[in-house]
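Take a walk through this model, one element at a time. Keep the sequence beside the coordinates as you read.

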Amino acid sequence: MISLEQLVRPNIWKLAPYSSARDEYSGKEAHVFLDANENPYNGPYNRYPDPLQRELKQMLKKVKGIPEENIFLGNGSDEAIDLAYRVFCNPGRDNVVAIAPTYGMYQVCADINDIEYRTVLLDENFDFKAADLLAACDANTKIIWICSPNNPTGNSLNRDEILKVIEGFEGIVIVDEAYIDFAQQLSMRQELPKHPNLIILQTMSKAWGSAAIRLGMAFASKEIISIYNKVKYPYNVNQLTQDQAMAMLKDPFEVDKWVKILMAERSRLMQAFLELPICEKIYKTDANFFLAKMTDANAIYNYLVEKGIIVRNRNKVQLCQNCLRITIGNRTENNELLSALRQY
Ligand SMILES: *Cc1c(COP(=O)(O)O)cnc(C)c1O
């Protein structure tokens, strides 16, 4: 990896962050707070939340095994994705490289930030070779995006190839593990201490059943995390979100139960799809959804919409012609989908 100073945009490297009242004083002993122009009434939501979400990070440390100083929390993973561009990429000059097809936000945020977005098509098994990603890079490539398990394909990518990218690239490699709690594949979290150019993204939106609260995580070196903290909005994770996330983290075993149930439902649903005459193929998945190649994805999608059942039509996505992406619901929802498809 080249030095962080060479990778970070010069204006960000030099940035003096906004210093909030809560940053300047964060001791526990004080009991009269007249420093932040808050209203003394309407507790507990009258106070600004902790800008660094320390209590929440302490709980995450126990669940994820990552020290607080290596954790960034944002308004969904989407915030961590956007911040990567704002921290590392000079608009109009730098580029990033990503697999395709993959999660759409990497490209949207590249476009918003005026960063060239280069793609490398996955192979017929929806997997990739490190050499192909590295060959797409040049001196202005700041970030390589890898999503594993990948969305919309569902499969985990080859771990050795991911490691080869991390080891072979001079810039930042971001591995999005939004679906890792459903995967057989190990998280890359253990690799963090060995790789200062690695950023791992996870989220409360999927296995943790908390998409509404908007809480995304980035795990990285403490140097990268402190730059992220300097660029983010001071109070980017609101108190209601922090409270609800901590309530969820108190009982992580509930999440394990949901994951088990969803995995069982996934097998049942995929088996049933195989028997549908309108389903041509289902793809291997390591996530809480699967991709199914249908005889006519557009027509089947519209038919399901008419019945009030919404799946994701991926027909227009590269390599996903005639594919629907099916999220695993509860047993009742899955049965409703199946009986609608059987009547098609
Ligand atoms: C759903 C998803 C996310 C989650 O985004 P949030 O902003 O945390 O809700 C991130 N990455 C991928 C690949 C996803 O599919």
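**From the parallel strands to the ligand**

In strand 5, D176 is the bridge partner of C147. This is a predicted model, in which local features need pLDDT of at least 70, side-chain atom pairs count only at pLDDT 80 or more, and totals for chains, interfaces and linings use all residues. Residues are numbered from 1 along each chain as its sequence is written, and side-chain values use heavy atoms, with hydrogens and water left out.

Strand 5 covers residues 172–176 and runs parallel to strand 4, with five bridges joining the two. Strands here are DSSP runs of E with at least two residues; helices are runs of H or I with at least four residues; both are numbered from the N terminus. Two strands pair if DSSP finds at least two bridges between them.

Strand 4 also pairs on to strand 2 (residues 95–100), again in the parallel sense, over four bridges. Here N95 has T141 of strand 4 as its bridge partner.

How many of the residues of strand 4 are buried? Seven of the seven, across residues 141–147, so the strand is largely enclosed by the rest of the structure. Buried means under 20% relative accessible area, exposed means over 50%, and partly exposed lies in between (1.4 Å probe, protein chains only).

Strand 4 leads into helix 8 (residues 159–168), and with strand 5 they make a right-handed β-α-β unit. Right-handed means that, with the strands pointing away from the viewer, the path from the first strand over the helix to the second runs clockwise.

The loop between strand 4 and helix 8 holds P149. A cis peptide bond joins S148 to P149, with omega about -5°. L157 belongs to the loop between strand 4 and helix 8 too. At 1% relative accessibility, L157 counts as buried. Its C-alpha atom is 8.9 Å from that of Q185, 28 residues apart along the chain.

A second cis bond runs from A100 to P101, with omega near 0°. P101 sits in the loop between strand 2 and helix 6 (105–112).

Now turn to the ligand. The residues that surround it number 14, and the closest are Y179, T203, S205, K206 and R214. A residue is near a molecule if one of its heavy atoms lies within 4 Å of it. The shell divides into five nonpolar, five polar and four charged residues. In this count, Ala, Val, Leu, Ile, Met, Phe, Trp, Tyr, Cys and Pro are nonpolar, Asp, Glu, Lys and Arg are charged, and the others, Gly among them, are polar.

Which side chains make polar contacts with the ligand? N151 places an N or O atom 2.8 Å from a ligand oxygen. Y179 does so at 2.6 Å, also from an oxygen atom of the ligand. D176 brings a side-chain N or O atom to 2.6 Å from a ligand nitrogen. Taken alone, the ligand exposes 380 Å², and the protein buries 94% of that. Such areas come from the Shrake-Rupley method with a 1.4 Å probe; for residues, only the protein chains shown count as cover. A polar contact is a pair of N or O atoms within 3.5 Å; within protein, one must be able to donate a hydrogen and the other to accept it, and residues adjacent in sequence count only if both atoms are side-chain atoms.

Next comes an open sheet of four strands. Its order is 8-9-11-10, with antiparallel pairing. Strand 8 (279–282) and strand 10 (312–313) stand at the edges, each with a single partner strand, so one side of each is left without a neighbour in the sheet. Strand 9 (residues 289–294) and strand 11 (residues 323–327) run antiparallel, joined by five bridges. L291 stands opposite R325 in strand 11.

T285 lies in the loop between strand 8 and strand 9. Is T285 buried or exposed? At 12% relative accessibility, T285 counts as buried. The side chain of T285 reaches the backbone oxygen of F289 at 2.6 Å. A polar atom of the T285 side chain also lies 3.4 Å from the backbone oxygen of G154.

The loop between strand 10 and strand 11 contains L319 and N322. L319 is not a glycine, yet has a positive phi of about 70°. N322, another residue other than glycine, has phi near 65°. L319 is partly exposed at 36% relative accessibility, and N322 is partly exposed at 22%.
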